[in-house]
Amino acid sequence: MSMGMETSTSTTSGGNTSAPSAPAVVGSHLNRSSKTVQQIFETHRGRLYELMVNADFGIRSEELELHFASMPLRYWPRVDSAALRWHLELIHEFIDGLTRGDVLLAPPVMHWRHFPDRGFSEVVVCAWDRPGLLARIAGAFAATGLNIVRADIYTRADNVVLDVFQVCDEALRHIEDISRLKQMEQLLTVAFSPNGDGESVLRTWMQCAGAPEPIVGGKAPVLTFDNDRFDDYTVLQVEAPDRMGLLHDILEAISTCDVDIVHAVIVTEENEAADVFFMTGTDGRKIRDAARLEQIRDMVRAALG
């Protein structure tokens with residue numbers, strides 16, 4: 001998916017010691033009536049910009065300007081200065097690696113950190129936007145037995161994707177066995193290899209990880225479409241009993257329907273998944289055709305089992 005990008009640069013004249021203003025924001029994905037919320041997000045974003053401009057941590061000014069200009073507005077309330085710096089360093093590593101090989105075939109870059117007191121590890125993946133990206137990342141998590149409890153998906157205006165996942169192990173703890181994260185990192189590289197067999201590799205690994213355990217007494221899945229709340233996106237909400245590989249199966253089903261996922265919020269609580277997908281057709285428009293919506297519903301329902 002591609003989006004138009006606005007950029008603004010600021011210069012400081014002699015004697016002016018005030019911090020430059022944050023670049024114009026792109027793509028808020030917010031309800032237009034939420035003006036107050038938007039103002040709060042923009043204020044927080046402006047404060048973060050001042051902190052980053054005054055920090056010295058090896059990020060070029062043009063990289064900083066681009067990130068603030070091209071990340072969707074909904075990203076900013078989800079980050080503090082430490083997380084933002086971490087994300088900028090990860091994106092810098094990804095972009096820097098593009099100069100050493102084929103740009104279009106660049107594998108994702110993955111970093112992680114741990115929150116033992118909160119029962120999860122946070123994994124961030126940076127890559128080019130491409131068809132099936134999110135499904136393959138979710139498949140790599142499933143293949144290594146890591147459970148996604150939340151995911152926030154962001155696509156910059158320059159087609160750089162930053163996906164932030166909260167993951168835990170089978171005991172609902174942060175990932176203590178770092179080798180599993182390193183294994184997933186290696187699997188991601190293989191999954192996006194240029195020979196085109198990435199999906200088959202993932203499927204083999206997922207089969208080795210074992211079939212999902214059957215859900216006993218779980219609620220029946222509920223699929224709901226909303227074409228009214230947002231001007232530019234069709235929203236699909238999926239509520240279903242959670243299991244290993246659930247997100248991969250949903251995303252793979254959606255990808256077979258010629259649909260672009262612009263944004264997704266993945267939340268799992270008490271073994272129940274409540275996943276929200278903001279979608280468009282391949283033409284970048286909302287999906288209004290009833291037959292196409294029914295096709296998506298049928299494919300996702302079949303994937304849920």
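Helices, such as the one that Gly145 follows, are DSSP runs of H or I with at least four residues, numbered from the N terminus. The exercises below concern a predicted model.

**Exercise 1. Overall composition**

Task: State how many helices and strands the chain has, and what percentage of its residues is buried.

Solution.
- Step 1. The secondary structure amounts to eight helices and eight strands.
- Step 2. The chain has 305 residues, and 48% of them are buried.
- Step 3. Among contacts with a separation of 6 or more, 67% join residues 24 or more positions apart.
- Step 4. The exposed surface of the chain is about 15000 Å², of which carbon and sulfur atoms supply 49%.

**Exercise 2. Classification of aromatic pairs**

Task: Classify the ring pair of Tyr49 and Phe68, and then that of Phe68 and Trp76.

Solution.
- Step 1. A pair of aromatic rings is described by the distance of the centres and the angle of the planes. The whole structure contains eight aromatic pairs.
- Step 2. For Tyr49 and Phe68, the ring centres are 4.9 Å apart and the planes stand at 75°. Planes over 60 degrees apart count as edge-to-face, so the pair of Tyr49 and Phe68 is edge-to-face.
- Step 3. This pair links distant parts of the chain, with Tyr49 in helix 1 (residues 35-54) and Phe68 in helix 2 (residues 61-70), 19 residues apart. Tyr49 and Phe68 are both buried.
- Step 4. For Phe68 and Trp76, the centres lie 4.5 Å apart and the planes are at 20°. The limit for stacked rings is under 30 degrees, so the pair of Phe68 and Trp76 is stacked.
- Step 5. The relative accessibility of Phe68 is 0%, and Trp76 likewise has a relative accessible area of 0%. Buried means under 20%, so Phe68 counts as buried and Trp76 is buried.
- Step 6. Ring pairs join Tyr49, Phe68, Tyr75, Trp76 and Tyr154 into a cluster.

**Exercise 3. Charges over rings**

Task: Identify the ring over which the charged end of Arg118 sits, and do the same for Arg136.

Solution.
- Step 1. The charged end of Arg118 lies over the ring of Phe115, at 5.4 Å from the ring centre.
- Step 2. For Arg136, the ring is that of Phe192, with the charged end 5.7 Å from its centre.

**Exercise 4. A pocket and a cavity**

Task: Give the volume and the lining of the second largest pocket, and then those of the largest cavity.

Solution.
- Step 1. Rolling a probe the size of a water molecule over the atoms shows where empty space is left.
- Step 2. The volume of the second largest pocket is about 430 Å³. The pocket is lined by 21 residues, of which Arg130, Pro131, Gly132, Asp260 and Ile261 are the closest to its centre.
- Step 3. Two or more residues of this lining come from each of helix 4 (133-143), strand 3 (147-155), strand 4 (160-168), helix 7 (246-255) and strand 7 (259-269). Strand 7 contributes the most, with four residues.
- Step 4. One cavity of 30 Å³ or more is present in the structure. The largest cavity encloses about 120 Å³.
- Step 5. Its lining has 17 residues, and the closest to the centre are Asn147, Ile148, Arg243, Leu246 and Leu247. Helix 4, strand 3, helix 7, strand 7 and strand 8 (272-281) each give two or more residues to this lining.

**Exercise 5. The surroundings of Leu247**

Task: Determine whether Leu247 is buried or exposed, and list the residues that it touches beyond four places in sequence.

Solution.
- Step 1. Leu247 belongs to helix 7. Its relative accessibility is 8%, so Leu247 counts as buried.
- Step 2. Leaving aside residues up to four places away in sequence, Leu247 touches Ala138, Ile148, Ile266, Asp275 and Phe277.
- Step 3. One of these, Asp275, is 28 residues from Leu247 along the chain, with 8.5 Å between the C-alpha atoms.

**Exercise 6. Helix 4 and positive phi values**

Task: Describe the burial of helix 4, and then examine the phi values of Gly145, Asp258 and Glu270.

Solution.
- Step 1. In helix 4, 10 of the 11 residues are buried, including Leu133, Ile137 and Phe141.
- Step 2. Gly145, which follows helix 4, has a positive phi near 75°.
- Step 3. Most residues other than glycine have a negative phi.
- Step 4. Asp258 has a positive phi, near 55°, and lies in the loop between helix 7 and strand 7. Its relative accessibility is 52%, so Asp258 counts as exposed.
- Step 5. Glu270 also has a positive phi, near 50°, and is located in the loop between strand 7 and strand 8. At 79% relative accessibility, Glu270 is classed as exposed.

How values were computed. Residues numbered from 1 in each chain as written. Predicted model: local features only at pLDDT ≥ 70, side-chain atom pairs only at ≥ 80, totals over all residues. Heavy atoms only, no water. Buried < 20%, exposed > 50% of the residue type's maximum accessible area, 1.4 Å probe, protein only. Contact = heavy atoms within 4.5 Å. Areas by Shrake-Rupley, 256 points an atom, 1.4 Å probe, with all protein chains shown as cover. Phe/Tyr/Trp six-rings, centres within 6.5 Å; stacked < 30°, edge-to-face > 60°. Lys NZ or Arg CZ within 6 Å of the ring centre and 35° of its normal. 1 Å grid on protein atoms, 1.4 Å probe; cavity = no way out; pocket = protein on both sides within 12 Å on 5 of 7 lines; lining within 4 Å. Points joined across faces, edges and corners; volume = space filled by probe spheres on them.
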